[in-house]
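Got the model open in your viewer? Here is a short tour, one selection at a time.

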Amino acid sequence: MNRDTGLSNADFKGGIRYSLGRNWVLIFIFLELLIFSLANKAFFSIETIQLILFNGTEVFLLAIAELFVIITGGIDHSVGFVMGFATVVASKSIVALSGAGLPPFASILLGSLLTVLIGLLPGFVNGWLVAYLRVPAFIATFAMLGVTHGVSELLTQGIPAKNLPSLAGDIGNGSFLYIPPSGVWSFFVRPQVERGQHVWAIIPNMVVFSFFFIALFAFILKRTRFGRHLYAIGGNMDAAIRSGINVKHDLVKTYVVSSLFASLAGITYVMKYITGKPDAGANMVLEAIAAVVIGGASMAGGSGSVGRTVLGALIIAVLETGLRIMGLQTFTTYILVGVILILAVVIEQAFPNFKR
Amino acid sequence: MSYLLETKNITKRFGGLIAVDHVSFGVEAGEVVALLGDNGAGKSTLIKMISGVYTPDEGEIFLEGNKLEIASPRDAIAKGIETIYQDLALAENMDVPSNIFLGREKTRRALGCFNVLNNDYMTKESEKILDELDINIPSLKANIRNLSGGQRQAVAISRSIYWNAKVLIMDEPTAALGISEQKKVLELVSSLRKQGIAIIIISHQMYDVFQVADRIIVMRRGVKVGERLARKTTSEEIVSLIVGAEMVDNKN
């Protein structure tokens, strides 16, 4: 053991076995990319990598939503339908605002802000139930799944929200930076070029949008008292209470953060697909929880990081887009995500001791 | 003889049961008082009143001669009364400085608007307090779960001492430890005594008690049944007091 390196004996145990266990996610992503590249020569390109990130924004955001809750030892089943609820609220309110005569950009901005505000409510209720009424997170968030689903269906009456301003789609499917053959960079706006000329589009807007929030909350988790308290709550709730941490407040905030990220996922969905529907995120709870577990977090709480959760989500995002490019049905993804989730837990059992 | 911490006739009832019955005792600065008694004798209830978990039904608690109203554990800590429970209340998934500063993390201003954790400061201060107590923990970055029982106890003690405890209450500090670690913790207690901290220890281990305690207080069924100077008594006498054998009274 060594004080300078900050490593204990347990960290060194196993050598190669240990580093394989710790880095299996990276190796897995590499294998995925390798297999898809062999299957399709055109797969490996800057466009595909961007497409993977673009298609994956909801999974990334929902995984972070789930991560915060899982660190405290809880779980949030409602993130998928809170996301659906957010798509409905966002699309409805943007349509209403632009119908009231507001210019497209203002109605998109205001509508999104409104969505975030309303979208915090389910999280607030979840947190309050868990922290103050001691309802198990499993039950509270399951109930919230039903409530948000029902409310969304009532709002839409079975008809997906439509008629959003076309600017929404332009933002949602646009990129941060464009490089035309002339070499004159242009931000956010695709430059007009002659037919047949190729414009490089660098980083989709929705990826920039998502990762801005992911980076911000990675910072909050790692560098603020709130973040540290979440690990303490998940590690030893009793110790957290006795050390004077306001556990109830922190738990409410945690579920609000979860709902915030679910709402952000809803907003990116509306921008990308210019529609809102209650079940937009219905199948994503599995993926969100899988990403967190693949990222090495324990369901018992007290561990997990944003970086590794993003890698966990990346496994799923690569799979999704890769299979889509190969022409396989998306249902194949669900099966494989299920399998990888189990694999992650089994690997974790086989390589213990590397959890931070 | 002036006590740093003193209780006068404190009593706690749970329904019809009198858990602690008019107990008066005190501990001086730089003194170790051992609280002994069989299971259910009221030791834990007694210290929980001092550490703010329970409020006494009757009686008073004095700290440095002033009457204390202790409303909560938080309150007790703020007044310099630290308690280390048997389970230590450490977050095992976190490292040593995180635990020493748990709930009281030091922050600094970043970018003019964010309060970020000052990890460097917390690590340095943790090293300092561990050095002061002559505790050797190879890596402060190791999670508590990778430390031995004695090291964990040492971290719990450091955490209490760091926040300028005047009174330190320890519940079975050596119960879960190996022989050499028990010795280490007892040495630690001795060195805390030298720093002028008033220490109350609950223990079942007679050997420990005689190693480290200056005074021994025996409780039975909620009542204080005896008080002896450790160097003027024997373990036989203490055991008799604990179980309530008659012969003891003749001897004294």
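Before you click, one term: a residue is buried if 20 or more other C-beta atoms lie within 10 Å of its own, exposed if 12 or fewer, and partly exposed in between, with C-beta atoms placed from the backbone. This is a predicted model, in which local features need pLDDT of at least 70 and side-chain atom pairs count only at pLDDT 80 or more, while totals for chains, interfaces and linings use all residues. Residues are numbered from 1 along each chain as its sequence is written, and chains are lettered from A and ligands numbered from 1 in the order in which they are written.

**Stop 1: a loop in chain B**

Select B:Asn164. With 9 C-beta neighbours inside 10 Å, B:Asn164 counts as exposed. You'll find B:Asn164 in the loop between helix H5 (149–162) and strand S9 (167–171) of chain B; helices (H or I, at least four residues) and strands (E, at least two) are DSSP runs, numbered from the N terminus. Check the backbone too: B:Asn164 is not a glycine, yet its phi is positive, about 55 degrees. For context, most residues other than glycine have a negative phi.

**Stop 2: the open sheet of chain B**

Now colour the strands of chain B. Six of them make an open sheet, in the order S6-S9-S10-S3-S11-S12, with mixed pairing. Two strands pair if DSSP finds at least two bridges between them. Which strands stand at the edges? They are S6 (81–84) and S12 (223–229) of chain B, each with a single partner strand, so one side of each has no neighbour in the sheet. Neighbouring strands of this sheet are turned by 20 degrees against each other on average, direction ignored; the axes here are lines fitted to C-alpha atoms (for helices, over the stretch in contact), and angles run from 0 to 180 degrees between N-to-C directions.

Zoom in on S3 (residues 32–37) and S11 (residues 215–220) of chain B, which pair in the parallel sense over five bridges. To see one residue pair, pick B:Gly37, with B:Met219 of S11(B) opposite.

**Stop 3: a hairpin and its other partner**

Stay in chain B and select S4 (residues 58–63). S4(B) pairs with S1 (residues 5–14) of chain B in the antiparallel sense over five bridges, and S4(B) is also joined to S5 (residues 66–68) of chain B, antiparallel, by three bridges. B:Ile61 is a good residue to centre on: B:Thr7 stands opposite B:Ile61, and in S5(B) the bridge partner of B:Ile61 is B:Leu68. S4(B) and S5(B) form a hairpin with two residues between them, and B:Glu64 in the turn has a positive phi of about 50 degrees.

**Stop 4: helix H6 of chain A**

Switch to chain A and select H6 (residues 137–156). Its 20 residues should span 28 Å at 1.5 Å a residue, and the end C-alpha atoms are indeed 28 Å apart; the expected span is 1.5 Å times one less than the number of residues. Show the buried residues of H6(A): A:Ala137, A:Ala140, A:Thr141, A:Met144, A:Leu145, A:Thr148 and A:Ser152. They cover an arc of only 145 degrees around the axis, which puts them on the same side of H6(A); the arc is that of the directions from the helix axis to the C-beta atoms. What covers these buried residues includes H3 (46–71), H4 (79–99) and H5 (104–131) of chain A, where contact requires C-beta atoms, placed from the backbone, to lie within 7 Å. Turn to the face away from the buried side and you meet the exposed residues A:Ile139, A:Gly146 and A:Leu154.

Just after H6(A) comes A:Gln157, with a positive phi of about 55 degrees. A:Gln157 lies in the loop between H6 and H7 (166–173) of chain A. Is A:Gln157 buried or exposed? With 6 C-beta neighbours inside 10 Å, A:Gln157 counts as exposed.

**Stop 5: A:Val95**

Pick A:Val95 in H4 of chain A. A:Val95 is partly exposed, with 19 other C-beta atoms within 10 Å. Leaving aside residues up to four places away in sequence, A:Val95 touches A:Ala161, A:Asn163 and A:Leu164. The C-alpha atoms of A:Val95 and A:Ala161 are separated by 8.5 Å, although the two are 66 residues apart along the chain.

**Stop 6: helix H11 of chain A**

Finish with H11 (residues 247–273) of chain A. Its 27 residues reach 39 Å from first C-alpha to last, close to the 39 Å expected. Of the 27 residues, 23 are buried, so H11(A) is largely enclosed by the rest of the structure. A:Ile274 follows H11(A), with a positive phi near 35 degrees.

Terms used
Two residues are in contact if their C-beta atoms, placed from the backbone, lie within 7 Å.
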